[in-house]
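Visitor: I'm new to this, so please take one part and show me it closely: the surroundings of the ligand. After that, please help me place them in the rest of the protein.

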Amino acid sequence: MKKVVAIYPGSFDPLTNGHLDLIERGSKIFDELIVAILRNSEKQPLFSLGERREMMEAMTQRWKNVGVDTFEGLMVDYAMKVKATAVLRGIRAISDYEYELQMALMNRKLAPNVETVFMMPAEAYSYLSSRLVREIAQIGGSISGLVPELVQRRLQEKIDPALKFQQSRKRKTGKKE
Ligand code: PNS
């Protein structure tokens with residue numbers, strides 16, 4: 001029987017428990033699932049491509065049919081390169097739908113043989129996004145339960161030096177903010 005290979009593309013900056021929830025669901029319905037991390041030259045990511053890959057590999061090694069890779073350029077070109085016939089995307093709320101539909105239809109126009117499959121993460125993660133996690137962590141709020149502990153530690157390591165620097169600058173200039 002034909003093996004169905006799917007890719008799960010995204011920025012994963014950083015990966016969240018919502019992403020892992022979706023990867024677990026995807027690993028159950030596809031024969032092989034490749035988490036494809038975008039090398040995004042436009043946006044300035046918080047974590048480098050290498051860091052995102054390393055965290056993703058550590059957190060997905062428990063699923064034997066899940067692999068991790070990086071890509072640049074068009075997602076459908078990458079999908080065809082790895083012989084994937086499906087693209088997994090998560091839809092959390094109606095607000096995601098418009099953008100996801102537009103992207104799925106454009107991708108279908110570019111590569112008619114690659115099908116987009118939408119899955120919903122657990123309700124507990126329906127409000128969760130990497131952008132909010134970055135924002136909360138950068139302001140010093142708690143992200144416990146939103147990302148794996150490994151990611152939480154890496155976020156703290158990344159953000160703490162910046163906070164320390166800001167605080168020492170404030171002390172030096174006597175600036176109140
Ligand atoms: O995690 P994100 O940022 O929502 O993922 C978006 C992603 C990586 C799936 C999308 O930006 C993408 O596919 N980028 C690659 C370039 C591409 O193929 N663009 C055309 C989309 S129709």
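Guide: Happy to! Let's begin with a term we need: a polar contact is a pair of N or O atoms within 3.5 Å of each other. Please also keep in mind that you are looking at a predicted model.

Now to the ligand. Which residues are around the ligand? They are Gly10, Ser11, Leu38, Phe71, Gly73, Leu74, Met75, Arg89, Met103, Met106 and Asn107. With the cut-off in hand, look at Ser11: an N or O atom of its side chain is 2.8 Å from an oxygen atom of the ligand. Met75 uses its backbone instead, where a polar atom is 2.8 Å from an oxygen atom of the ligand. For Arg89, the side chain is involved again, with an N or O atom 3.0 Å from an oxygen atom of the ligand.

Next, let's see where these residues sit in the fold. The protein has six helices and five strands, and along the sequence they follow the pattern β-α-β-α-β-α-β-α-β-α-α. The five strands make an open sheet in the order β3-β2-β1-β4-β5, paired in parallel. Strands β3 (66-71) and β5 (115-119) are at the edges with a single partner strand each, so each has one side without a neighbour in the sheet. From one strand to the next, the twist averages 30°. As background, strands of a sheet pair through backbone hydrogen bonds, and the pairing can be parallel or antiparallel.

We can now match strands to ligand neighbours. Strand β1 covers residues 5-10, and Gly10 is among the residues around the ligand. Strand β2 covers residues 32-38, and Leu38 is also one of those around the ligand. Phe71, another residue on that list, falls within β3 (66-71). Arg89 belongs to strand β4 (residues 86-90), in which four of the five residues are buried, so β4 is largely enclosed by the rest of the structure.

How are these strands joined? Between β2 and β3 there are six bridges, in the parallel sense, and in this pairing Ala36 is opposite Asp69 of β3. Strands β1 and β4 run parallel and are joined by two bridges; here Ala6 has Ala86 of β4 as its bridge partner. Strands β4 and β5 also run parallel, with five bridges, and Val87 faces Thr116 of β5 across that pairing.

The helices add to the picture. Helix α4 spans residues 94-110, and Met103, Met106 and Asn107 are among the residues around the ligand. Further along α4 is Lys109. Is Lys109 buried or exposed? Its relative accessible area is 67%, and the cut-off for exposed is over 50%, so Lys109 is exposed.

Let's return to Ser11 for a moment. Met56, in helix α2 (residues 49-60), is 45 residues away from Ser11 in sequence, yet their C-alpha atoms are 11 Å apart in space. Met56 counts as buried, because its relative accessibility is 0%.

Beside Ser11 in the sequence is Phe12, which is buried, as is Tyr8. The protein has two aromatic pairs. In the pair of Tyr8 and Phe12, the ring centres are 5.2 Å apart and the planes are at 70°, so the pair is edge-to-face.

A little further on, Asn17 is in helix α1 (residues 17-29). It counts as buried because its relative accessibility is 15%. The side chain of Asn17 reaches the backbone oxygen of Gly145 at 2.8 Å.

Let's finish by stepping back to the whole protein. It has 177 residues, and 41% of them count as buried. Its C-alpha atoms fill a box of roughly 70 × 30 × 30 Å along the principal axes. So, when you turn the model, try finding Ser11, Met75 and Arg89 around the ligand, then follow Arg89 back into strand β4 (residues 86-90).

Key:
Residues are numbered from 1 along each chain as its sequence is written. This is a predicted model: local features need pLDDT of at least 70, side-chain atom pairs count only at pLDDT 80 or more; totals for chains, interfaces and linings use all residues. Side-chain values use heavy atoms; hydrogens and water are left out. Buried means under 20% relative accessible area, exposed over 50%, partly exposed in between (1.4 Å probe, protein chains only). Rings of Phe, Tyr and Trp (its six-membered ring) pair if their centres lie within 6.5 Å; planes under 30 degrees apart count as stacked, over 60 as edge-to-face and the rest as tilted. Two strands pair if DSSP finds at least two bridges between them. Axes are lines fitted to C-alpha atoms, for helices over the stretch in contact, and angles run from 0 to 180 degrees between N-to-C directions. A residue is near a molecule or strand if one of its heavy atoms lies within 4 Å of it. A polar contact is a pair of N or O atoms within 3.5 Å; within protein, one must be able to donate a hydrogen and the other to accept it, and residues adjacent in sequence count only if both atoms are side-chain atoms.
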